[in-house]
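Student: I have a model open and I'd like to practise reading it feature by feature. Where should we begin?

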Amino acid sequence: MLLTITTTMSQATDLGFLLHKHPGRVQSFEQSFGTAHVFYPDADEGHCTAALLLDVDPVKLVRTRGRGTPDFSLGQYVNDRPYAASSLLASAMANVFRTAMRGRCDLRPDLAETPIPLEIVLPALPCRGGPGQAERFFGPLGWDVSAVPVPLDPEFAEWGDSRYVTLTLTGTLRLADALNQLYVLLPVLDDAKHYWMAPDEVDKLIRAGEGWLAAHPDRGAITRRYLANRRALVRTALGRLADAEDAPEEELDPVEVEEEASATEDEQEQAPSEQPVSLAERRVQSVVQALHDENARRVIDLGCGSGKLLARLVKDDFFSEISGTDVSYRALGHAWRRLRWDKQPSRENNRVQDVFQGALTYADERFRGYEAAVLMEVIEHIDPPRLGAVERVVFGHASPRVVVVTTPNAEHNVRYEGLAPGAMRHPDHRFEWTRDEFRAWADRVAAAHGYRVRHVPVGDDDPEVGAPTQMGVFTR
């Protein structure tokens with residue numbers, strides 16, 4: 001089972017820094033189902049290739065397979081798993097390239113954030129649905145995709161092609177993004193996993209899919225396949241993706257789960273006949289309504305992310321002046337594409353004053369002069385020691401007449417079936433507050449800076465744990 005990663009960037013052997021594997025060494029890592037070897041068949045300054053070879057032990061493989069895993073009855077006799085790229089290879093990647101997948105490189109942090117030319121080759125990849133599926137899933141991510149069918153037997157052309165392809169991906173991406181996309185899409189294309197699906201698989205999917213899955217046109221199919229059509233897990237995952245920064249303005253696809261053969265009648269009866277409005281949409285609606293209620297027409301979105309709220313504000317003639325800022329250049333790129341300034345200049349976009357890079361922990365004159373500021377799902381991404389600086393910048397220095405803040409209600413997390421106990425809804429969250437914690441913070445900030453605050457639940461208000469999102473509307 002083989003994966004090769006090639007780059008032709010300047011100083012190509014720096015690929016070793018990104019992978020945390022030295023080009024001059026062969027390294028081996030024991031897995032529960034065999035041994036993973038990392039080596040460099042080619043390494044010079046203009047061309048460098050790293051290879052991950054997974055040597056699967058058939059005995060170990062049988063021991064790790066449960067009765068619900070694919071082909072269990074033939075698992076000890078006839079099995080393609082030792083040879084074809086699958087969830088076994090994805091698991092080995094997560095173990096061997098864990099730091100690289102997180103985008104960490106202490107020796108070359110600039111390189112870890114830089115897209116580099118890459119060619120990734122998988123000689124034998126199970127591809128349920130044929131070569132077109134590989135293009136369908138990898139193409140929208142910026143890859144040039146070549147999926148060449150592997151014949152059943154080259155000597156007998158009349159037998160036709162197997163269900164395997166030789167996959168070659170060529171593109172310019174961050175290495176961390178490329179590895180995370182492979183981690184998710186290898187088992188998706190195979191449409192099988194070698195282990196039991198537990199609720200923490202949702203966390204793994206959200207973490208590996210950050211920055212690309214929510215915006216993927218086939219996110220629904222990817223999520224269903226990755227989670228083996230487990231109805232509850234798929235619904236939880238799609239709900240959490242709807243809250244992701246990179247989700248497009250139009251809501252994520254309704255949860256259309258392919259029925260599992262083992263689904264019970266009770267499970268089928270629980271499927272809603274009409275899809276409810278997503279939490280992400282209700283949050284945007286609540287923020288816009290609060291701005292209308294306070295007659296705030298000039299608005300700045302502090303932490304605008306990919307521009308979900310900005311896109312809604314420019315369509316509402318009530319607002320006369322709109323700006324947005326975010327610390328992430330990549331998120332601002334999504335916002336620019338969403339607003340389509342370069343493609344469809346319009347009357348509405350003329351009301352957008354600026355979309356710019358900025359950090360909320362530093363006073364910035366560009367934050368001033370607006371009637372309202374919005375921090376929609378922003379504060380929970382800030383390290384608690386730096387939250388005081390944000391308070392001073394927003395409520396003290398910028399000092400708009402209205403500030404609207406939304407943040408998750410940690411008490412409601414128990415209602416997310418796929419969320420592990422004690423886990424947070426997003427891997428980048430630094431904290432999530434209970435309702436009492438948010439009220440205490442909001443009351444203290446309001447008193448310190450001359451504001452009043454009213455609290456508004458967003459989403460279905462559960463009588464025991466409250467609404468999933470809590471909103472504070474501060475007025476000076």
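Tutor: Let's begin with a loop. N295 sits in the loop between helix 12 (279-293) and strand 8 (298-302). Bear in mind as we go that this is a predicted model.

Student: What is the phi of N295 near?

Tutor: First the general idea: most residues other than glycine have a negative phi. Now the case here: phi of N295 is near 55 degrees, a positive value in a residue other than glycine.

Student: And is N295 buried or exposed, or something in between?

Tutor: In between. Its relative accessibility is 42%, so N295 counts as partly exposed.

Student: Which loop holds A228?

Tutor: The one between helix 9 (219-226) and helix 10 (231-242). A228 is not a glycine, yet it has a positive phi of about 55 degrees. With 43% relative accessibility, A228 counts as partly exposed.

Student: Okay, let's zoom out. How many helices and strands does the protein chain have?

Tutor: You'll find 16 helices and 14 strands. The chain has 476 residues, and 53% of them count as buried. As for the surface, the chain exposes about 21,900 Å², with carbon and sulfur atoms supplying 50% of that.

Student: What share of the contacts between residues at least 6 apart in sequence join residues at least 24 apart?

Tutor: That share is 72% in this protein chain.

Student: On to sheets. How do I read the strand order of the one with mixed pairing?

Tutor: Read across the sheet from one edge to the other, rather than along the sequence. Here seven strands form an open sheet in the order 10-9-8-11-12-14-13, with mixed pairing. The edges are strand 10 (352-357) and strand 13 (452-458), each of which pairs on one side only. On average, neighbouring strands of this sheet are turned by 15 degrees against each other, ignoring direction.

Student: How many bridges join strand 13 to strand 14?

Tutor: Seven, and strand 13 runs antiparallel to strand 14 (residues 469-475). If you want to check the register, look at R454: its bridge partner in strand 14 is V473.

Student: What does helix 14 lie across?

Tutor: Helix 14 (residues 329-339) lies across strand 9 (321-326) and strand 10, and it runs at about 155 degrees to strand 10.

Student: Now the antiparallel sheet. What is its strand order?

Tutor: It's an open sheet of seven strands in the order 2-3-4-1-5-7-6, and the pairing is antiparallel. Strand 2 (27-31) and strand 6 (144-151) are at the edges; each has a single partner strand, so one side of each is left without a neighbour in the sheet. From one strand to the next, the twist averages 15 degrees.

Student: How is strand 6 joined to strand 7?

Tutor: By seven bridges, with strand 6 and strand 7 (residues 161-173) running antiparallel. A147 gives you a handy landmark, standing opposite L167 in strand 7.

Student: How many residues of strand 4 are buried?

Tutor: Seven of its ten, so strand 4 (residues 47-56) is mostly covered. Look at its partners too. Strand 1 and strand 4 pair in the antiparallel sense over six bridges, and I5 has A50 of strand 4 as its bridge partner. Strand 3 (residues 34-44) also pairs with strand 4 in the antiparallel sense, over nine bridges. T35 stands opposite D55 in strand 4.

Student: What joins strand 3 to strand 4 along the chain?

Tutor: A hairpin, through two residues.

Student: Which strands does helix 7 lie across?

Tutor: Helix 7 (residues 175-190) lies across strand 1 (2-7), strand 5 (116-126) and strand 7, and runs at about 15 degrees to strand 5.

Student: Last one: how do I read the packing of helix 7 against helix 8?

Tutor: Take axis separation and angle, then handedness, then the residues. The axes of helix 7 and helix 8 (residues 200-208) come within 9 Å and cross at roughly 140 degrees. The two helices are therefore oblique to each other, and helix 7 passes helix 8 in a left-handed crossing. N180, Y183 and V184 of helix 7 make the contact with K204, L205 and A208 of helix 8.

Technical notes
Residues are numbered from 1 along each chain as its sequence is written. This is a predicted model: local features need pLDDT of at least 70, side-chain atom pairs count only at pLDDT 80 or more; totals for chains, interfaces and linings use all residues. Side-chain values use heavy atoms; hydrogens and water are left out. Helices (H or I, at least four residues) and strands (E, at least two) are DSSP runs, numbered from the N terminus. Buried means under 20% relative accessible area, exposed over 50%, partly exposed in between (1.4 Å probe, protein chains only). Contact means heavy atoms within 4.5 Å. Accessible areas come from the Shrake-Rupley method with a 1.4 Å probe; for residues, only the protein chains shown count as cover. Two strands pair if DSSP finds at least two bridges between them. Axes are lines fitted to C-alpha atoms, for helices over the stretch in contact, and angles run from 0 to 180 degrees between N-to-C directions. Angles under 35 degrees count as roughly parallel, over 145 as roughly antiparallel, 65 to 115 as roughly perpendicular and the rest as oblique. A crossing is left-handed if the near helix is turned anticlockwise from the far one by less than a right angle, and right-handed if clockwise.
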